[in-house]
Amino acid sequence: MSTKLSSPELPAPEATPGLRRSLRRFDITAMAVAAVISFDTVGQIATGGGEAATWTAAIALFFLLPYALLFAETGAAFPQEGGPYMWVKLALGRPAAALTTLFYWVTNPIWLGGSLVFLAAETWDGFVFPLGSGTFADYAFKIVFVWAAILTAVVSLSRGKWITTAGAIVKVLSLALFTLTAVAYGAQHGFQGLTDADFTPTTAGFLALVPILLFAYVGFEAPNAAGEEMHDPQRDVPAALGRSATIAACCYLLPVLALLAVVPAGKVTGVGGFMEGARLVFGVYGAAAGPLLTLTAVMFVFALLTQGSAWMIVSDRMQAMAAADGGFFSRALGAFHPRLGTPVRTNLLSGAVATVFMLAAMQLADGDAAAVFTVVLTVAVTTLLLSYLVVIPALVVLRLRRPEVPRPYQVPFGNRGFVACAVLVYAWILIGSWSALFPGVLEGLFGIDYVFTEVWGVSRLAFETFTLGTVALLLLVGAVGLGVAARENKKREKRNRVTE
């Protein structure tokens, strides 16, 4: 299946059997909401105090808006299966696309096996049923959580989309319930957290918050990985992206404000911030507070599960298309199941990576979930943001070199407007990538005190070994994958010549 455009035929990977058009505008919006709104980052953002709300709003305006404009135009103009993989390939070639896709894809099993599963287990242990730390129940819960997310991505998209849609609805409802309850609590008891909150933006706060805020806001292009499974991507992608971006901005800013308003300063934690805030404000419900809190915790865990599922659905398709196109190890890795229409082999690979990373993170944690949460999330931020350092220039190249491609939606002011948005977004990504890889360096340049072990709970050497080691390992895996794929492509071409 390939999307036909009125321009000269765009190159695409070989036909992927089993793909069916099952995504409409509502489904695309829900998938983006399920993937992008991150419960784990709500608490993490709120740890920045009052200025976290200021920076959340500022970055929504000066990053999310131009970012949304760029991907709305590109996603509608180039709706091939694989999304960002195809965009980078068309602009910069297959090797660049394969390496970029690897960094984009691996973020998600790392994130699933690290941040999401740890936050889910912490929530379940504290609010639903005790699991303990490092116990059989703890391991069992995390393994089941990881593989439930993977199996959701394995089922056909026509069914799987309803799971992610349910997760999006639950996520928005949970955040709305918390926000409204916090307002009711504040009306009764006063907004204690706002008394000491300082909303004045600072350089130190900016440098601390920018990586996690960028991570929170990126990903709206993800549904384009299933571009050929959309009914009308040229019309639906821009509309769905605009709606989901607006919902996401509100779902970050309002709960962060609510959390800061009711939780005393300095007591917001990245792991338990949201649920601890819920425990406090649900006191307004009297005897019903306990059951409601347990129900909210179950909804919270379900939303985390579907968040991982949504990312597995889209990022696994990107990685599968890179393999099917002869850009990453074997084409067999990119095979789509003829009946399910899903890249089952890549799905299983993601499950294996997530499981290994979860087990390794548990050993690294030595029982301290909070330390693992922070470091693992930083690794995920790093790999995802690094992929955008290639994706954004690719969008500009496509805009300038492929003007003949129909663009149902266009960024205002033509090429100048598009390039201006790209430059602004790229500058944010550069700052976020550097701050994630080398925290404390920019602070030193601005004369800001930064005691590394107090911030991260580990030494700089241990931190950099973990993050830079991950990046180096990915580059090595990518290089090997390209080499193996190149040899397979040569053998394939040789067989074709003999057959002819």
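This passage describes the nonpolar core, a surface patch, selected buried polar residues, the salt bridges and two unusual backbone angles of a predicted model.

The largest nonpolar core of the predicted model comprises 157 residues, and those with the most contacts inside it are F63, Y67, F71, L112, F145, F220 and Y388. The greatest contribution to this core comes from helix α12, spanning residues 289–324, which supplies 18 residues. In general terms, nonpolar side chains tend to be buried together in soluble globular proteins. The surroundings of F71 illustrate how one member of this core is packed: when neighbours within four places in sequence are left aside, F71 is in contact with W87, E221, V237, L241, Y388, V391, I392 and L395. One of these partners, Y388, is itself listed among the core residues with the most contacts.

Nonpolar side chains also appear on the surface, where F26, W162, I169 and L173 form a patch with about 450 Å² of accessible area together. Helix α7, which covers residues 157–189, gives the most to this patch, with three residues. I169 is found in helix α7, and this residue is classed as partly exposed because its relative accessible area is 45%, a value that falls between the 20% limit for buried residues and the 50% limit for exposed ones.

Two polar residues of helix α12 were examined individually, beginning with T306. T306 is found in helix α12 and is buried, with a relative accessible area of 0%. A polar atom of the T306 side chain lies 3.0 Å from the backbone oxygen of A303. Beyond residues up to four places away in sequence, T306 touches I163, T164 and G167. Q319 is likewise found in helix α12, and at 0% relative accessibility Q319 counts as buried. The residues touched by Q319, again not counting those up to four places away in sequence, are T101, L102, W105, F328 and T346.

Eleven salt bridges are present in the structure. One of them is formed by K161 and D27, whose closest N and O atoms are 3.1 Å apart. This pair links distant parts of the chain, since K161 lies in helix α7 and D27 in helix α1 (residues 25–36), with their positions 134 residues apart in sequence. Both partners fall under the 20% cut-off for burial: K161 is buried with a relative accessible area of 10%, and D27 is buried with a relative accessible area of 6%.

A further salt bridge joins D325 to K89, with the closest N and O atoms 2.8 Å apart. D325 lies in the loop between α12 and α13 (344–365), whereas K89 lies in helix α4 (residues 84–92), so the pair ties together parts of the chain that are 236 residues apart in sequence. D325 counts as buried at 5% relative accessibility, and K89 is buried as well, with a relative accessible area of 15%.

The side chains of E404 and R402 also meet in a salt bridge, with an N to O distance of 2.8 Å. Here the two partners are assigned to separate accessibility classes, because E404 counts as partly exposed at 37% relative accessibility, while R402 counts as buried at 17%. In addition, E73, R399 and R407 are linked in a network of salt bridges.

Attention then turns to the backbone. Most residues other than glycine have a negative phi. Against this background, F329 is notable for a phi near 50 degrees, a positive value in a residue other than glycine. F329 is found in the loop between α12 and α13, and at 26% relative accessibility F329 counts as partly exposed. F413 likewise has a positive phi, of about 70 degrees, although F413 is not a glycine. The position of F413 is in the loop between α14 (369–401) and α15 (414–437), and F413 is exposed because its relative accessible area of 77% is over the 50% cut-off.

Methods. Residues are numbered from 1 along each chain as its sequence is written. This is a predicted model: local features need pLDDT of at least 70, side-chain atom pairs count only at pLDDT 80 or more; totals for chains, interfaces and linings use all residues. Side-chain values use heavy atoms; hydrogens and water are left out. A nonpolar core is a set of buried Ala, Val, Leu, Ile, Met, Phe, Trp, Tyr and Cys residues joined through side-chain atoms within 4.5 Å. Buried means under 20% relative accessible area, exposed over 50%, partly exposed in between (1.4 Å probe, protein chains only). Helices (H or I, at least four residues) and strands (E, at least two) are DSSP runs, numbered from the N terminus. Contact means heavy atoms within 4.5 Å. Patches are made of residues with over 30% relative accessible area and no salt bridge: like charges are joined within 9 Å, nonpolar side chains (Val, Leu, Ile, Met, Phe, Trp, Tyr) within 5 Å. Accessible areas come from the Shrake-Rupley method with a 1.4 Å probe; for residues, only the protein chains shown count as cover. A salt bridge is a side-chain nitrogen of Lys or Arg within 4 Å of a carboxyl oxygen of Asp or Glu. A polar contact is a pair of N or O atoms within 3.5 Å; within protein, one must be able to donate a hydrogen and the other to accept it, and residues adjacent in sequence count only if both atoms are side-chain atoms.
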